[in-house]
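Okay, let me pull this one up on the screen. I'll talk through a helix, then the core, then the pocket.

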Amino acid sequence: MCSERLVHLASASPRRRELLEQIGVPVTLVRCAVDEQALPGEAPADYVQRVTRDKVVAGVAAAPAGAVVLAADTAVVLGDRILGKPGDRQQGLAMLRALSGREHQVMTAVAVAQGEQIRLELVSTRVRFRPLEDNEIQAYWDTGEPEDKAGGYGIQGLGAVFVEHLVGSYSAVVGLPLMETARLLAGFGVPCWQSR
């Protein structure tokens, strides 16, 4: 581990924890619940930043005093529509059909806070899917992988075979933009692997 500074992660996502551990950041989970419903007329970039800010504020309230808290949120955006986690098979298949042969954006906001000090960055990545056959869409859903993923796919898993082109941060599509995260953490005195 790169530092004795423990980061309190305000996220239940195992992928975010794995990404932080990948860059040598010791983490512990802090539980917090926030309303993740989009507000009427809210732009996707505003939505993902608001939810991330709400998560980090809730994380600070739940963590020990003086703790460094990290939160993030990811939104898959097709046109101006946010594709959340599919509620059921029908919704999941519809999402994958909508993404087939098209480009979408994955917006991930990450925030780091200590006390009342908060720093937040938004990273947007363009992802293009190749055209998908209906039988492979159904077979993919049947693997169970898409059920808890924004947009109904996981780029770090089987869903990678659908990605024709990506411009931006791969790790942000997984759920945490590592370059920006490392920079934010360094600003709070939490170095990563290179500062051992």
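When I say one thing covers another here, I'm going by contact, meaning heavy atoms within 4.5 Å. And keep in mind that this is a predicted model.

So, helix H4, residues 134–142. Which of its residues are buried? Those are Ile137, Tyr140 and Trp141. Looking down the axis of H4, these buried residues fall within an arc of 100°, so they line one face of the helix. That fits the usual picture: an α-helix has 3.6 residues a turn, so residues three or four places apart point the same way. Over on the other side of H4, Asn135 and Asp142 are exposed. Part of what covers the buried residues is helix H3, 89–99. After H4 comes Gly144, with a positive phi, near 90°.

Now the core. The largest nonpolar one has 39 residues, and the members touching the most others are Val25, Leu70, Tyr153 and Leu185. Take Leu185: skipping its neighbours within four places in sequence, its contacts are Val7, Leu20, Val25, Val68, Leu70, Val112 and Val190. There's also a second, separate core of nine residues, with Val30, Ala71, Ala111 and Ala113 among them.

Last thing, the largest pocket. Its space comes to about 790 Å³. It has 35 lining residues, and nearest the centre are Glu36, Lys55, Asp73, Thr74 and Lys85. Which strand or helix gives the largest share of that lining? That's S3, with four residues. By type, the lining splits into 18 nonpolar, eight polar and nine charged residues.

Methods:
Residues numbered from 1 in each chain as written. Predicted model: local features only at pLDDT ≥ 70, side-chain atom pairs only at ≥ 80, totals over all residues. Heavy atoms only, no water. Buried < 20%, exposed > 50% of the residue type's maximum accessible area, 1.4 Å probe, protein only. Helix = DSSP H or I, 4+ residues; strand = E, 2+ residues; numbered from the N terminus. Arc of directions from axis to C-beta. Core = buried A, V, L, I, M, F, W, Y, C linked by side-chain atoms within 4.5 Å. 1 Å grid on protein atoms, 1.4 Å probe; cavity = no way out; pocket = protein on both sides within 12 Å on 5 of 7 lines; lining within 4 Å. Points joined across faces, edges and corners; volume = space filled by probe spheres on them. Nonpolar A, V, L, I, M, F, W, Y, C, P; charged D, E, K, R; others polar.
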